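Here are a few exercises to work through with the model open on your screen. Try each task yourself before you read the solution.

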Amino acid sequence: MAGPQAADVLGRVTLVTGKEEYLNERTVRAVRQAVRAHDPDAELAESQAAELSLATLGEMAAPSLFSSIRCVVVRNLENLPDESVDGLLAYAGAPVEDVALVLVHGGGQKGSGVLTKLRKMATVTEAKSGELKASEFPSFVVSEVRTHGSTIDNEAANHLIQAVGQDLRSLAAAASQLASDFPGEALTVEKVKQYFGGRAEAKSFAVADAAFWGRRHVALEELRWALDAGTPAVLVTSAFAGGARGLARYMSAPRGMKDFDLAREVGVPPWKLRTIRDQSRGWSDAGIARAIRAVARADADIKGAASDASYTLERLVLTVTGLRDQR
């Protein structure tokens with residue numbers, strides 16, 4: 001599906017809601033790309049809602065010396081201070097013509113009153129990301145592969161999901177890599193097996209699993225095998241992101257749920273739930289929060305080419321394994 005055009009976002013407010021972080025971030029990125037495609041010199045600004053006041057919003061929306069076109073992203077809308085609500089709603093009702101404002105709500109009931117008022121405005125477009133059902137993951141893979149100019153049949157898509165898991169970021173990275181390795185070709189089960197087959201030690205999720213178990217030496221050894229086998233660094237950080245997110249969701253899930261329902265709540269296949277349950281016994285909420293931040297930093301370093309990928313990933317392994325069992 002085609003992304004938004006500049007006319008769809010400039011002079012308007014894009015309200016991003018839903019629990020699926022990867023799809024939310026994709027919407028933010030699409031708005032930025034639309035603005036930059038319209039004006040390569042467009043300014044990009046970002047703020048946390050907790051720090052937002054009418055004055056700071058005005059500063060971010062004001063034209064610069066280089067361009068009057070701006071894209072302003074405000075994250076964690078649920079944390080908007082009460083004294084800033086009226087000002088934001090007033091702006092949303094009459095947005096600046098050359099500004100694309102993106103408001104990202106992190107989910108939950110907090111801030112729902114503001115959402116209700118924003119949804120009623122003609123100047124607001126909502127992009128809502130619902131959590132995918134198990135039956136919807138193959139369609140997601142098919143769509144991802146299509147954006148890279150390739151095709152994949154349902155059987156191959158299901159095989160990829162079984163190999164990678166149900167983390168959307170990891171699936172998107174895997175689809176991108178497959179399409180890159182087999183440009184313009186139909187992706188079959190054989191091609192998926194060719195890429196994800198072979199030594200289990202060379203798979204990115206094996207590195208992440210060992211790290212979240214706290215097995216430092218094993219994780220480092222598997223990391224070396226993975227990199228030597230040509231596994232892209234972004235797949236490794238994606239696997240770490242999926243592992244951290246799975247643990248966080250498991251640890252915050254309501255107690256007493258049946259395994260099938262709990263797997264759906266956590267967003268993993270049922271067979272993965274036992275591993276997460278066992279891994280979680282060595283983690284605290286604070287430890288997982290620090291691990292998530294470490295993964296985010298490593299992912300940003302790799303994508304920004306800010307450091308050597310192998311060094312960044314080794315540092316990530318050392319950090320994550322060091323956080324386990326810290327109470």
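### Exercise 1: Two helices at an angle

Helices α2 and α8 lie oblique to each other. This is a predicted model, so treat each exercise as a reading of that prediction.

**Task.** Find out at what angle the axes of α2 and α8 cross, and which residues meet there.

**Solution.**
- Step 1: Locate helix α2 at residues 21-38 and helix α8 at residues 168-181.
- Step 2: Compare the axes, which come within 8 Å and cross at roughly 60°. An angle between 35 and 65 degrees falls in the oblique class, so α2 and α8 are called oblique.
- Step 3: List the partners. From α2 come Y22, L23 and R26, and they meet L168, R169 and A172 of α8.
- Step 4: Sort these contact residues by type: four are nonpolar, none is polar and two are charged.

### Exercise 2: One helix, two neighbours

**Task.** Work out how α10 is oriented towards α12 and towards α11.

**Solution.**
- Step 1: Begin with α10 (residues 204-212) and α12 (residues 233-252), whose axes are 8 Å apart and make an angle of about 45°. The pair is therefore oblique, and the crossing of α10 and α12 is right-handed.
- Step 2: Look at the residues that touch. S204, F205, V207, A208, A211 and F212 of α10 meet L235, V236, A239, F240, G243, A244 and L247 of α12. The contact of α10 with α12 counts 11 nonpolar residues, two polar and no charged.
- Step 3: Turn to α11 (residues 216-228). Its axis is 8 Å from that of α10, at an angle of about 170°. Angles over 145 degrees count as roughly antiparallel, and α10 and α11 are therefore roughly antiparallel.
- Step 4: Name the contact residues: A206, V207, A210 and A211 on α10, with V218, A219, E222, L223 and A226 on α11. In the contact of α10 with α11, eight residues are nonpolar, none is polar and one is charged.

**Task.** Decide how many residues of α10 are buried, and find the glycine with a positive phi just after α10.

**Solution.**
- Step 1: Count the covered positions. Seven of the nine residues in α10 are buried, and the helix is mostly covered.
- Step 2: Name them: S204, A206, V207, A208, A210, A211 and F212.
- Step 3: Move just past the end of α10, where G214 has a positive phi of about 85°.

### Exercise 3: A serine in a loop

**Task.** Is S150 buried or exposed, and what does its side chain reach?

**Solution.**
- Step 1: Place the residue. S150 sits in the loop that runs between α6 (137-147) and β6 (151-152).
- Step 2: Check the accessibility. The cut-off for buried is under 20%, and S150 has a relative accessible area of 3%, so S150 is buried.
- Step 3: Follow the side chain of S150, which reaches the backbone nitrogen of G184 at 3.4 Å.
- Step 4: Collect the surroundings. Leaving out residues up to four places away in sequence, S150 touches V145, A179, F182, P183, G184 and E185.

### Exercise 4: Three residues, three accessibilities

**Task.** Classify V72, K191 and E126 as buried, partly exposed or exposed.

**Solution.**
- Step 1: Take V72 in strand β3 (residues 70-75). Its relative accessibility is 1%, so V72 counts as buried.
- Step 2: Take K191 in helix α9 (residues 189-196). With 19% relative accessibility, K191 counts as buried, since the limit is under 20%. Beyond neighbours within four places in sequence, K191 is in contact with L178, F182, E185 and A186.
- Step 3: Take E126 in strand β5 (residues 124-129). At 32% relative accessibility, E126 is partly exposed.

**Task.** Which side chains make polar contacts with the side chain of E126?

**Solution.**
- Step 1: List what E126 touches, not counting residues up to four places away in sequence: L15, T17 and R119.
- Step 2: Pick out T17. The side chains of E126 and T17 make a polar contact of 2.6 Å. Along the sequence E126 and T17 are 109 residues apart, while their C-alpha atoms are 7.3 Å apart in space.
- Step 3: Pick out R119, whose side chain is joined to that of E126 by a polar contact of 3.0 Å.

Definitions and conventions
Residues numbered from 1 in each chain as written. Predicted model: local features only at pLDDT ≥ 70, side-chain atom pairs only at ≥ 80, totals over all residues. Heavy atoms only, no water. Helix = DSSP H or I, 4+ residues; strand = E, 2+ residues; numbered from the N terminus. Buried < 20%, exposed > 50% of the residue type's maximum accessible area, 1.4 Å probe, protein only. Polar contact = N/O pair within 3.5 Å; in protein donor to acceptor, adjacent residues only side chain to side chain. Contact = heavy atoms within 4.5 Å. Axes fitted to C-alpha atoms, helices over the stretch in contact; angles between N-to-C directions. Parallel < 35°, antiparallel > 145°, perpendicular 65-115°, else oblique. Left-handed = near helix turned anticlockwise from the far one by under 90°. Nonpolar A, V, L, I, M, F, W, Y, C, P; charged D, E, K, R; others polar.
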